[in-house]
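User: Please examine this model with me and justify each structural term that you apply to it.

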Protein chains: 2
Amino acid sequence: MPASRVINFGPGPSALPQSVLEKATQGLLNFNETGIGIAEISHRSKEFVAFLSNIESLIRTQLDVPSTHSILFTQGGGTGQFSAVVLNLLARHRLLYPELTADERVMDYILTGSWSEKAFQEAGRLGGARVNVALDARKYSKDGVSFDNVPPHGEYAFSPAPAFIYYCENETVDGVQFSADPSAQTSFPFARLPRERSGLLPLVGDHSSSFMSRPIPHLGEHAVIFAGAQKNLGPAGLTVLIVRHDCLVDVDAAAKLGAAPVPLSLSYKTLADSKSLYNTPSMLPIYITGLVLERMQELGGLTYFEALNKKKAEKVYAAIRSGEERGVFQGKVQDGSGSWMNVVFNVLGDGAESRFLTGAEEAGMKGLKGHRSVGGIRVSLYNAITESDTDKLVGYMKNFVSEAGAQAFGVKFSC
Amino acid sequence: MPASRVINFGPGPSALPQSVLEKATQGLLNFNETGIGIAEISHRSKEFVAFLSNIESLIRTQLDVPSTHSILFTQGGGTGQFSAVVLNLLARHRLLYPELTADERVMDYILTGSWSEKAFQEAGRLGGARVNVALDARKYSKDGVSFDNVPPHGEYAFSPAPAFIYYCENETVDGVQFSADPSAQTSFPFARLPRERSGLLPLVGDHSSSFMSRPIPHLGEHAVIFAGAQKNLGPAGLTVLIVRHDCLVDVDAAAKLGAAPVPLSLSYKTLADSKSLYNTPSMLPIYITGLVLERMQELGGLTYFEALNKKKAEKVYAAIRSGEERGVFQGKVQDGSGSWMNVVFNVLGDGAESRFLTGAEEAGMKGLKGHRSVGGIRVSLYNAITESDTDKLVGYMKNFVSEAGAQAFGVKFSC
């Protein structure tokens with residue numbers, strides 16, 4: 001038996017429940033009593049088709065996805081969807097409003113962190129419509145350049161009739177997330193969004209890093225929600241899409257009207273028409289995702305995880321505040337904008353950050369180094385991180401603060 | 001312990017070596033002594049980066065990939081590449097020959113089966129250049145409509161200076177493959193291909209279903225070779241690319257000259273510049289692929305598998321011929337065009353095919369049903385199928401022929 005498992009606070013790929021991994025080892029050799037492993041069986045076998053259909057139900061039930069939306073499974077991660085949403089939703093808009101010029105067709109982006117910014121850049125690369133920044137949260141930051149907040153509702157400047165509005169629900173690099181409390185000014189401004197003549201919202205949400213960690217507000221009003229699996233849900237290699245039926249458009253018909261051709265592997269309608277089996281899907285990641293979802297259901301679904309995740313985050317934020325009072329830690333995100341999934345802070349003092357990381361690793365806690373673009377510490381608290389894992393980290397943080405305080409005290413006296 | 005494993009003759013996803021799967025169960029819980037499972041660890045961890053680099057070496061060494069070519073790892077399968085090759089190679093061609101009109105820019109497709117036909121259709125969908133059918137093997141078929149052969153070298157009608165030439169090395173649905181014997185008329189017509197002014201060949205090969213089963217002739221002359229992993233190499237969810245460096249082009253510069261914008265996840269240069277880590281790759285399929293490649297190396301690499309695969313195919317084709325002599329089987333592919341990987345035949349007589357399949361399944365052999373579009377029997381003989389697995393099937397085929405012969409004899413006498 002290899003060395004024992006550590007606690008993995010990494011930002012994704014991230015921790016999975018050990019019980020799920022143990023069950024998965026059986027499926028690798030023999031999937032659901034077929035005598036064939038999950039990595040070897042046909043994606044068109046009745047056993048796999050049934051398994052995939054069950055995953056769809058597990059997501060639909062737990063997340064309360066209405067029958068107006070399809071749940072689809074694809075590959076390519078968030079990066080693939082940065083392009084796919086642009087191509088599919090501009091094709092839809094072309095079919096609805098063929099008369100508009102490229103300048104009259106607008107994509108609204110809400111920038112609250114690195115990932116929404118990357119998506120925004122991809123929209124600019126692909127062209128076909130004008131890109132409007134409906135909000136740039138950096139303008140409201142403490143230092144004027146960082147993503148450290150969700151600005152208040154009044155600051156959004158939406159286009160009157162955008163082809164779509166894009167946001168990223170949780171920013172893993174910057175530790176910024178829209179508030180779960182709809183009355184907070186840092187919640188998502190659903191009431192202010194411009195609607196289409198039909199009354200529909202052309203709203204696209206990247207929920208990669210918060211998917212299945214808590215309910216999604218106004219889910220049924222979204223045009224598209226997408227999520228890479230490798231945070232709360234399963235291994236990398238699977239992307240889940242929730243697409244409102246009016247967004248499953250004939251991209252070839254749109255191309256005839258002048259929209260950009262859509263690579264077949266990125267067409268939502270192709271995926272939906274084939275029930276996510278147009279070509280061979282990423283079956284092993286799908287399998288493990290299925291096991292995770294079954295376990296979630298057994299534990300009490302999103303109600304359970306929402307309460308758990310809230311509690312975990314509160315404990316870590318409290319430990320940061322205690323460290324701030326002693327001048328040891330410094331939170332990086334403004335009040336009300338802090339993520340439940342990725343909690344970021346700095347450790348103050350020369351070499352202190354490195355000491356914090358080394359000590360954590362020695363205590364069996366890995367993955368705490370902040371993203372290379374922003375530095376600092378990042379604690380990722382996805383579903384598979386237990387309350388006891390969190391307590392262990394919080395205990396370590398408290399000890400670190402006490403020791404740093406004692407040292408500072410000692411130093412002061414020796415001068 | 002679940003029911004014992006059966007022999008999986010499926011066309012892909014397909015059999016993997018049991019020893020690899022057993023090893024993989026360890027990595028699921030603890031990857032290379034990190035204390036973190038392979039589905040959970042960061043793709044930027046030094047352990048994973050080293051593992052990926054080793055996979056690259058294992059492919060480069062065994063397949064003899066020259067230093068002029070990059071080996072890249074992506075998602076999306078062959079279907080993703082049907083689009084990606086068109087977008088990247090038309091971008092390249094635009095940079096080389098910006099003055100050409102869409103009608104002067106030509107993509108040459110060689111159609112020898114269902115998969116090359118699908119790729120051809122995608123090229124037509126994406127547009128940006130004219131599509132020329134350099135060869136349609138159906139014209140040379142026994143029935144005039146099926147893909148059952150590779151036509152002789154003299155039948156290809158290439159464009160004088162195509163942007164690229166596309167072929168599929170092995171057709172899984174139709175059981176057609178280019179001959180491994182370069183002197184055979186059913187080999188790939190390398191000597192007849194039109195070269196660019198530079199002397200380079202703009203040649204694209206879909207090697208999905210024969211990759212790593214035997215050496216690739218003229219590999220170094222290819223512009224792009226791609227392969228989904230889920231045949232000889234590993235689980236679905238990983239696509240391997242071998243790209244000549246002149247095909248890693250700045251797609252944004254090409255777009256400025258009028259080429260179609262390329263979704264970032266499909267850009268070869270983006271993938272190469274990031275060493276296949278632009279975004280989170282499909283790590284679990286990559287891991288198992290690495291274990292398969294290590295095992296291949298231990299067993300003697302492609303020399304070993306070429307000899308083994310040739311022998312396995314010869315045994316099955318011999319069994320079909322024996323059955324043909326007794327009027328029980330009927331081979332579907334013309335002489336010299338039969339695939340080593342997917343051997344297809346019909347079982348003659350009312351209900352006989354269904355009897356053949358049921359009997360095989362009762363004897364612990366699954367996955368033998370032909371593709372739904374063509375019917376019949378398909379025996380897939382990928383690397384993980386052992387000679388003893390093959391012998392078991394051949395024994396079953398011989399028995400089936402004997403019993404069918406005896407029944408026919410009995411029926412004749414009872415009339």
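User: What makes strands 11, 12 and 14 of chain B a sheet, and in what order do they lie?

Analyst: Strands here are DSSP runs of E of at least two residues, and helices are runs of H or I of at least four, numbered from the N terminus. Two strands count as paired if DSSP finds at least two bridges between them. In this predicted model, 3 bridges join strand 11 of chain B to strand 12 (residues 342–347) of chain B, and 4 bridges join strand 12 of chain B to strand 14 of chain B. Both counts therefore satisfy the criterion of at least two bridges. The result is an open sheet in the order 11-12-14 of chain B, with antiparallel pairing. B:Phe329 stands opposite B:Val347, and B:Phe345 stands opposite B:Ile377.

User: Which conventions govern the numbering and the confidence limits?

Analyst: Residues are numbered from 1 along each chain as its sequence is written, and chains are lettered from A and ligands numbered from 1 in the order in which they are written. The model is predicted, so local features need pLDDT of at least 70 and side-chain atom pairs count only at pLDDT 80 or more, while totals for chains, interfaces and linings use all residues; side-chain values use heavy atoms, with hydrogens and water left out.

User: Why are strands 11 and 14 of chain B called edge strands?

Analyst: Strand 11 (329–331) and strand 14 (377–380) of chain B each pair on one side only.

User: How do you know that both faces of strand 14 of chain B are covered?

Analyst: Buried means under 20% relative accessible area, exposed over 50%, and partly exposed in between (1.4 Å probe, protein chains only). B:Ile377 and B:Val379 on one side, and B:Arg378 and B:Ser380 on the other, are all buried. Contact means heavy atoms within 4.5 Å. Helix 8 (residues 301–325) of chain B touches strand 11, strand 12 and strand 14 of chain B. Helix 9 (residues 352–362) of chain B lies across strand 11, strand 12 and strand 14 of chain B, at about 130° to strand 12 of chain B. Such angles run from 0 to 180 degrees between N-to-C directions, with axes fitted to C-alpha atoms, for helices over the stretch in contact.

User: What makes the relation between chains A and B a two-fold axis?

Analyst: Copies are superposed by least squares on the C-alpha atoms of residues with pLDDT of at least 70 in both. Chain B can be laid on chain A with an RMSD of 0.0 Å by a turn of 180° and a shift of 0.0 Å along the axis. That is therefore the relation of a two-fold axis. In chain B, the C-alpha nearest the axis belongs to B:Thr25, 2.5 Å from it.

User: How do you know that the copies meet through the same surface?

Analyst: Of the interface residues of chain B, 100% are also interface residues in chain A, so the same surface is used. The contact takes 64 residues from chain B and 64 residues from chain A. Buried area is the accessible area (1.4 Å probe) that two parts lose on being put together, summed over both. Between chain B and chain A it is about 5200 Å², of which carbon and sulfur atoms give 58%. B:Leu29, B:Glu40 and B:Arg125 supply 14% of the area that chain B buries against chain A, more than any other three residues.
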